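Subject: Structure handover

Hi,

Here is the structure I promised to pass on. Have a look at it first, and then read on for what turned up.

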Amino acid sequence: MENKKIFLESEDGEKLEFYVEEETRINGTSYLLVSDSDDDEANAYILKDMSADGDMLAEYEMVEDEVELDAVFRVFQQMLEDVDLRS
């Protein structure tokens, strides 16, 4: 199964492509676990949905706060442990 791709634009206008690995909602805020590649050497990032209710387009930013990052990472880690990867 191919991962969903999202495209973001950096502050300097560079187009960035990410693969959505998992998504969750914590305390009313949506988070995405994304990778920069679909291979085993990919880097993973956690993005936070910063868009307002009713916005037509989602606006994401990378989670940089260490406490928030650790808490959300643990949720994604638990979610991925619960996935049955056997075919």
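Which residue takes a positive phi in the hairpin of strand 1 and strand 2? That is glycine 13, with a phi near 90°, in a hairpin that has five residues between the strands. Before you go further, keep in mind that this is a predicted model.

**Overall layout**

The protein chain is made of one helix and five strands, and from the N terminus on they come as β-β-β-β-β-α. Of its 87 residues, 23% count as buried. If you like contact statistics: taking the contacts with a separation of 6 or more, 23% are between residues 24 or more positions apart.

**The sheet and the helix**

The five strands make an open sheet, ordered 1-2-3-4-5, with antiparallel pairing. Strand 1 (4-9) and strand 5 (60-62) are at the edges with a single partner strand each, so one side of each has no neighbour in the sheet. On average, and ignoring direction, neighbouring strands are turned by 45° against each other.

Strand 1 and strand 2 (residues 15-26) run antiparallel and are joined by six bridges. Looking across that pair, leucine 8 has leucine 16 as its bridge partner in strand 2, and lysine 4 stands opposite valine 20.

Then there is helix 1 (residues 66-81), which packs on the sheet and touches strand 2, strand 3 (29-35) and strand 4 (44-49). The helix direction makes about 80° with that of strand 2.

**Two cores**

In soluble globular proteins, nonpolar side chains tend to be buried together. Here the largest nonpolar core has seven residues, namely Ile6, Leu8, Phe18, Val20, Leu32, Val34 and Leu47. At least two of them come from each of strand 1, strand 2 and strand 3. A second core, separate from that one, has six residues, including Tyr31, Leu33, Ile46 and Phe76.

Leucine 47 is a good one to click on. Leaving aside neighbours within four places in sequence, leucine 47 is in contact with a list of residues that includes Ile6, Leu8, Leu32 and Val34, all of which are named in the largest core. Its contacts also take in Tyr31, as well as Tyr60, Glu61, Met62 and Val63.

**Threonine 24**

Is threonine 24 buried or exposed? Its relative accessible area is 17%, and buried means under 20%, so threonine 24 is buried. This residue lies in strand 2. Not counting residues up to four places away in sequence, threonine 24 touches Thr29, Ser30, Tyr31, Val75, Phe76 and Met79. Two of those contacts, Tyr31 and Phe76, are also listed in the second core. For a distance to check in your viewer, threonine 24 and valine 72 are 8.9 Å apart C-alpha to C-alpha, with their positions 48 residues apart in sequence.

**The pocket**

Since you may want to look at the open space too: the largest pocket has a volume of about 310 Å³. What lies nearest its centre? Those residues are Glu9, Ser10, Tyr60, Glu61 and Met62, out of a lining of 13. Strand 1, strand 2 and strand 5 each supply at least two residues of the lining, and strand 5 gives the most, with three. Tyr60, Glu61 and Met62 turn up twice, then: by the pocket centre and among the contacts of leucine 47.

Cheers

Terms used: Residues are numbered from 1 along each chain as its sequence is written. This is a predicted model: local features need pLDDT of at least 70, side-chain atom pairs count only at pLDDT 80 or more; totals for chains, interfaces and linings use all residues. Side-chain values use heavy atoms; hydrogens and water are left out. Two strands pair if DSSP finds at least two bridges between them. Helices (H or I, at least four residues) and strands (E, at least two) are DSSP runs, numbered from the N terminus. Axes are lines fitted to C-alpha atoms, for helices over the stretch in contact, and angles run from 0 to 180 degrees between N-to-C directions. Contact means heavy atoms within 4.5 Å. A nonpolar core is a set of buried Ala, Val, Leu, Ile, Met, Phe, Trp, Tyr and Cys residues joined through side-chain atoms within 4.5 Å. Buried means under 20% relative accessible area, exposed over 50%, partly exposed in between (1.4 Å probe, protein chains only). On a 1 Å grid over the protein atoms alone, a cavity is a set of points where a 1.4 Å probe fits but cannot get out, and a pocket is an open set with protein on both sides within 12 Å along at least five of seven lines; lining residues have an atom within 4 Å of a point. Grid points are joined across faces, edges and corners, and a volume is the space filled by probe spheres set on the points.
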